[in-house]
Amino acid sequence: VRHALQLPHGRLSDSQAEMVLAVAEFPSLVKIAIQDLNFSEDPMPLLLDRKATERANWVRRFPAPEDSGYLLFSGVDSAEKKSVVQLIRIADGHLMARWSPDWVAINDKTSNKKWVKKGGLSNFRAFHPLLLDSGDIIFTTGSALVRQAPCSSKPGFVVDQIMHHSVELDENGSAIWVPSVVQNGLTENPYLNGKIRDDSLAHVTVDGQVLENLSFSRILTDNGLQALLLGHSGFVFGADAIHLNQISVAKLDSRYWLRGDLLVSARNLSTLFLYRPSTGRIIWHQTGPWMNQHSVEFVDDHRISIFNNNVVSPFPKDVAFVTQGDTNRVMVYDFKTQQISQPFSALIADARPLSVTEGRARLLPDGGLFLEDTNDGRDMRFTSDHLLWSRVNDYDDKRIGMVTWSRYLTSAEASEPLRALAALQCQTGKVGHR
């Protein structure tokens with residue numbers, strides 16, 4: 001395989017290289033085929049063994065009358081036996097709206113790509129659903145971008161390009177930024193061009209029109225940072241060398257960024273970037289102390305937050321942490337002081353989130369924290385001094401359903417979509433209590 005991935009292909013001809021790669025890919029194709037032949041109605045790839053996952057310190061405390069916000073939940077639903085999206089009022093657990101994607105229709109509109117296979121019907125997930133004022137949602141599947149209305153299971157659109165991880169509105173609210181992949185980032189070097197997965201920044205209208213798709217390897221080289229990508233002995237052809245997992249948008253000018261600047265997380269580089277699309281310049285970047293991080297967010301006019309997975313990825317959780325017994329962490333970087341703090345460290349240590357490959361965190365306007373321990377199927381909300389609620393996505397008494405980048409919405413953030421949803425006949429009588 002190493003020879004097949006090189007250019008030229010070592011001791012192999014082009015046809016021999018293609019054959020070697022096809023053989024190497026065969027086990028993963030068999031796995032997908034077996035999942036599609038699942039004889040159970042349950043979505044087995046999206047279910048976690050409860051005994052192996054749950055730990056003694058876990059708390060189940062939901063709903064929470066003290067919380068006026070909403071959970072835009074994405075994950076496996078035991079009633080529908082598939083991934084769905086739900087808007088849940090946290091105060092009483094009332095289900096305000098449900099989006100039930102027709103995964104067969106989405107699958108039919110999705111193709112396999114060079115770097116990403118679309119997978120089987122039993123493992124589709126709705127990543128990081130964005131709730132629009134109209135009541136529609138937009139989410140990624142890892143291999144496509146989907147818009148879904150609340151009154152139809154059929155997708156409003158499917159953008160059949162690799163779109164993965166986060167979905168965030170731009171500064172004008174008429175388009176989104178989402179991580180993607182391009183094929184032509186390093187065209188001047190035939191040894192590199194097309195031989196590495198080149199993650200990118202895709203700017204897409206809320207109607208599904210791709211405005212631009214910016215190669216991140218090109219952005220790095222144009223800013224003199226190619227050493228981050230290529231200048232280390234661990235680099236290999238074909239690798240997921242960058243792995244963008246979050247693009248957050250500055251909505252206001254500040255001393256440290258301008259409206260429309262992008263805060264970008266590259267997990268496999270353990271590096272954050274502040275990128276200015278208007279000039280093509282990286283105006284700030286820092287590698288660590290976070291490791292394989294997710295979910296970077298603007299907090300105010302001088303601080304950002306980071307869900308620090310704090311792991312050697314993709315090791316299993318029992319050996320992923322450099323220090324035995326460690327956990328995920330939430331860090332706050334202050335541009336004003338250039339200092340890092342961990343304001344919820346004691347609470348997080350008690351909750352013990354152990355997500356190796358995913359995870360979400362948002363510092364809330366009231367000073368609290370929303371945290372998703374994605375790999376373990378639970379969402380949590382903290383005040384400054386205690387755990388307010390914890391919701392485990394229990395599928396049955398033996399299994400926990402996966403969750404997929406849920407969001408916390410304040411009452412103000414949910415108000416306009418709620419008005420639109422209330423006006424829809426399809427939602428009348430279809431909400432209830434969980």
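The following conversation asks how several descriptions of this predicted model are justified.

Biologist: What rules apply to a predicted model such as this one?

Modeller: In this predicted model, local features need pLDDT of at least 70 and side-chain atom pairs count only at pLDDT 80 or more, whereas totals for chains, interfaces and linings use all residues. Residues are numbered from 1 along each chain as its sequence is written, and side-chain values use heavy atoms, with hydrogens and water left out.

Biologist: What makes the chain as compact as a globular protein of its length?

Modeller: The radius of gyration, taken over C-alpha atoms, is set against the globule rule, which is 2.2 Å times the number of residues to the power 0.38. For 434 residues the rule gives 22 Å and the chain has 21 Å, which is close, so the chain is as compact as a globular protein of that length. Its C-alpha trace spans about 65 × 55 × 45 Å along the principal axes, and the chain holds eight helices and 26 strands, these being DSSP runs numbered from the N terminus, with helices (H or I) of at least four residues and strands (E) of at least two.

Biologist: Why is Ser74 called buried, and where does Ser74 lie?

Modeller: Buried means under 20% relative accessible area, exposed means over 50%, and partly exposed lies in between, with a 1.4 Å probe and protein chains only. Ser74 has 0% relative accessibility and therefore counts as buried; its place is in strand S2, residues 70-77. Leaving aside neighbours within four places in sequence, Ser74 is in contact with Val84, Val85, Ala126, Pro129, Val403, Thr404 and Ser406, where contact means heavy atoms within 4.5 Å.

Biologist: Why is Lys398 called exposed, and which residues does Lys398 touch?

Modeller: At 61% relative accessibility Lys398 is over the 50% cut-off, so Lys398 counts as exposed. Lys398 lies in the loop between strand S24 (387-392) and strand S25 (399-401), and, not counting residues up to four places away in sequence, Lys398 touches Leu48, Asp49 and Arg50.

Biologist: Why is Lys81 described as partly exposed, and what is notable about its phi?

Modeller: The relative accessible area of Lys81 is 30%, which falls between the two cut-offs, so Lys81 is partly exposed. Lys81 is not a glycine, yet has a positive phi of about 60°, and its place is in the loop between S2 and strand S3 (82-89).

Biologist: Is Ser295 buried or exposed, and where is Ser295 placed?

Modeller: With a relative accessible area of 0%, Ser295 is under the 20% cut-off and is therefore buried. Ser295 lies in strand S17 and has a positive phi of about 50° although it is not a glycine.

Biologist: What makes a set of residues a nonpolar core, and which members of the largest one touch the most other members?

Modeller: A nonpolar core is a set of buried Ala, Val, Leu, Ile, Met, Phe, Trp, Tyr and Cys residues joined through side-chain atoms within 4.5 Å. The largest has 22 residues, of which Leu201, Phe216, Leu220, Leu262, Val264 and Phe273 touch the most other members. Two or more residues are given to this core by each of helix H5 (216-222), strand S13 (244-249), strand S14 (262-266) and strand S15 (271-276). Apart from it lies another core, of 21 residues, among them Val85, Trp103, Phe124 and Leu131. In soluble globular proteins, nonpolar side chains tend to be buried together.

Biologist: Why does Trp284 count as buried, and which residues are in contact with Trp284?

Modeller: Trp284 has 15% relative accessibility, under the 20% cut-off, and so counts as buried. Its place is in strand S16, residues 281-287, and its contacts, leaving aside neighbours within four places in sequence, are Leu263, Leu272, Phe273, Leu274, Ile304, Tyr333 and Phe335.

Biologist: Where is Phe298 placed, and which residues are in contact with Phe298?

Modeller: Phe298 is in strand S17, residues 294-298, and, leaving aside neighbours within four places in sequence, is in contact with residues including Ser248, Val249, Ala250 and Trp257. The C-alpha atoms of Phe298 and Ala250 are separated by 6.9 Å, although these residues are 48 residues apart along the chain.

Biologist: Which bond joins Phe62 and Pro63, and where is Pro63 found?

Modeller: A cis peptide bond with omega of about 5° joins Phe62 and Pro63, and Pro63 is found in the loop between helix H3 (50-53) and S2. The peptide bond from Ser313 to Pro314 is cis, with omega near 5°.
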